[in-house]
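Visitor: I am new to reading protein models, and I would like to go through this one slowly, with the reasoning spelled out at each step. Could you show it to me first?

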Amino acid sequence: MGRSLGYHSYGTMLAMALAAVAGCTGDVGDPDAAGTSGGGVTLPDGTESASLLPARIRRLTNAEYAASARALTGTTTNPSEGFAPDSRQDGFTVNDAQRVDPVLAKQLAAAAEALAAEVKGKVAELAPCADPGTQAESCARAFITSFGGRAYRRPLDAAEADALLAVYQVGAKGATYADGIELVARAVLQSPGFLYLTEIGDGSGGDAVTLTQHELASSLSYLITAGPPDDALMEAAAAGALSTPEGREAEVRRLLQTSAARERVVRVVREWLGVDRIAMTAKDSNVYGDFAGARASMERETEDFVTEVLTNSTGTVGELLGADWSIVDEPLSKVYGTGIGRVSFSDRRGILNQGAFLSVYAHATETAPVLRGVTVLRRVACVDIPSPTELNINVVPPVPDPSKTTRQRFEIHSTDAECKGCHNSIDPIGFSFERFDGMGKVREKDNGTDVDSAVTVAISADFDGAYADSNALAQALSTSPTVRSCFARNVFRASVGRSGKAAAESEESFLKAWQAVPEAEQGKLVETLITYVKSSLFSHRRPQ
């Protein structure tokens, strides 16, 4: 700023400013809000208020924060790059468990300071004023209306605008117009209206609430693009076009053509299987010397493969799991022993047999059949496998034995009375992947002994059967109605940011709507998203 303020006085002033602009994070008083009327909401036929998700306010994820900051300030940086990692629910970063702890609060403050400095440097572009000497406050108010409305993703009310004008006055007093604009930007970027999304309606009360038009616009935009509404979506909200399922569907299909939407849906798939953790996965270089050089390529493979399936191919979970091709770069081609580009495979089907999945679900020095088996059952088939902690079982890993294969060592589970109940389901799935080592390379030997990947799956599922290896299993999973239904459940969980018992009734209600979709569309991620957006589960909430 153009003048010096003591830390205490500045901190006190900024805290007061944040408190002043924090008062209203919903669309209270929104003239085009579609909320309750007469103490109640008429829900669409077949919708019970008990099946609705609760009204809530949730914090932006790190990716959503970055996209929102870029849209608001025009920064080319990634302002959330150094933030503490997002918390996760059921593997997904979008969830209502996100909090602002003291560490993140400092990171948010530092990011806001840096972004506000960028705004100050572009004041002629972002807050133009022909005569800052005599028209400064008029120009500042215009900036507040525009910048604040885009930051809060709705029009500001008079009290909010007045509070931000007071912030401007503090910043500009004894300094410059640009200093005042900088302080406004800094306050807005730390305000609840920017950092949180609301799903609370207009406050009319009743047994259910309808999200306001601007809440619908924000929810839809962050669901599809992980960023704030664009001008067209805000215009649709102002026109009341998001009240109907058809209006929301039209906007979803429009947004799905954007690069931001493609990145978002790819993130959903990668978080579903946990393969986004490949960037943080490490291996013992004495055992897997090629891993460090191929890790980034494995990450690119999953991104490119999922993008290709979802945008240029069938877009189905069946192809994600059963494709006989992938997109490979040079470092990864040395691991796979293939060509470069889009290559066909005879022995590596779908995303479960790619390096990222096989590396993430393996240990630093060896494979991990239990990790691989549990992940497939829980994430791909939605089979409820309790953790040993839930069962009060103390897990003792099999003793290392260089004379035995990993499978031979882990087969002890099936002879243990405490373990075999779960491991008779888990281990066959995990053992099918033993043809791949801990970084996804094909292998024929393990500790000098031929690898045995033949298994029989018998868990009373529609993919029960005998399989030569994980490729044969992946083909069966790719055509399984159970897997297709599980994928729909996971798309729902990733979309609503809530899972488990708290969302069980909502999830079942969604599944009924999804089952009404033509079977040919059920396995498509995009159509599953649209089914959710068109439903009353998206547009309505129940009071807490």
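Visitor: Is Cys129 buried or exposed?
Guide: This is a predicted model, and the value for Cys129 is computed from its atoms, giving a relative accessible area of 16%. Buried means under 20% relative accessible area, so Cys129 counts as buried.

Visitor: Which residue forms a disulfide with Cys129?
Guide: A pair of cysteine sulfur atoms within 2.5 Å counts as a disulfide, and the sulfur of Cys129 has such a partner 2.0 Å away. That partner is itself buried, with a relative accessible area of 11%. The residue that forms the disulfide with Cys129 is Cys139.

Visitor: How many residues apart in sequence are the parts that Cys129 and Cys139 tie together?
Guide: Cys129 lies in the loop between helix H4 (123-126) and helix H5 (136-152), whereas Cys139 lies in helix H5 itself. The torsion about their S-S bond is about 75 degrees, so this disulfide is right-handed. The pair therefore ties together parts whose separation in sequence is 10 residues.

Visitor: Where does the disulfide of Cys382 and Cys486 tie the chain together, and how many residues apart are those parts?
Guide: The sulfur atoms of Cys382 and Cys486 are 2.1 Å apart, and with 80 degrees about the S-S bond this link is right-handed. Cys382 lies in the loop between helix H17 (369-380) and helix H18 (406-410), while Cys486 lies in helix H21, so the parts tied together are separated in sequence by 104 residues.

Visitor: Which residue of that pair is buried, Cys382 or Cys486?
Guide: Cys382 has a relative accessibility of 27%, so it counts as partly exposed. Its partner has a relative accessibility of 2%, and buried means under 20%. The buried residue is therefore Cys486.

Visitor: What pattern do the disulfides of the protein follow?
Guide: The structure holds 2 disulfides, one of Cys129 and Cys139 and one of Cys382 and Cys486. With the bonded cysteines counted along the chain, the pattern is 1-2, 3-4.

Visitor: Why is the sulfur of Cys422 not bonded to that of Cys419?
Guide: Cys419 is in no disulfide; at 18% relative accessibility it counts as buried, whereas Cys422, at 21%, counts as partly exposed. A disulfide needs sulfur atoms within 2.5 Å. The closest cysteine sulfur to that of Cys422 is the one in Cys419, and it is too far for a bond because the distance is 8.5 Å.

Visitor: Which residues that line the largest cavity are the closest to its centre?
Guide: The structure holds 5 cavities of 30 Å³ or more, and about 150 Å³ of space lies in the largest. By class, its lining has 9 nonpolar, 2 polar and 6 charged residues, and strand S1 (56-59), strand S2 (196-199), helix H9 (213-225) and helix H21 (481-496) each supply at least two of the lining residues. Of the 17 residues in the lining, the closest to the centre are Arg58, Glu199, Ser219, Leu223 and Ser495.

Visitor: What is the phi of Ala226, and where does Ala226 lie?
Guide: Most residues other than glycine have a negative phi. Ala226 is not a glycine, yet its phi is positive. Ala226 is buried at 6% relative accessibility and lies in the loop between H9 and helix H10 (231-238), with a phi of about 60 degrees.

Note on methods
Residues are numbered from 1 along each chain as its sequence is written. This is a predicted model: local features need pLDDT of at least 70, side-chain atom pairs count only at pLDDT 80 or more; totals for chains, interfaces and linings use all residues. Side-chain values use heavy atoms; hydrogens and water are left out. On a 1 Å grid over the protein atoms alone, a cavity is a set of points where a 1.4 Å probe fits but cannot get out, and a pocket is an open set with protein on both sides within 12 Å along at least five of seven lines; lining residues have an atom within 4 Å of a point. Grid points are joined across faces, edges and corners, and a volume is the space filled by probe spheres set on the points. Helices (H or I, at least four residues) and strands (E, at least two) are DSSP runs, numbered from the N terminus. Ala, Val, Leu, Ile, Met, Phe, Trp, Tyr, Cys and Pro count as nonpolar, Asp, Glu, Lys and Arg as charged, and the others, Gly among them, as polar. Buried means under 20% relative accessible area, exposed over 50%, partly exposed in between (1.4 Å probe, protein chains only).
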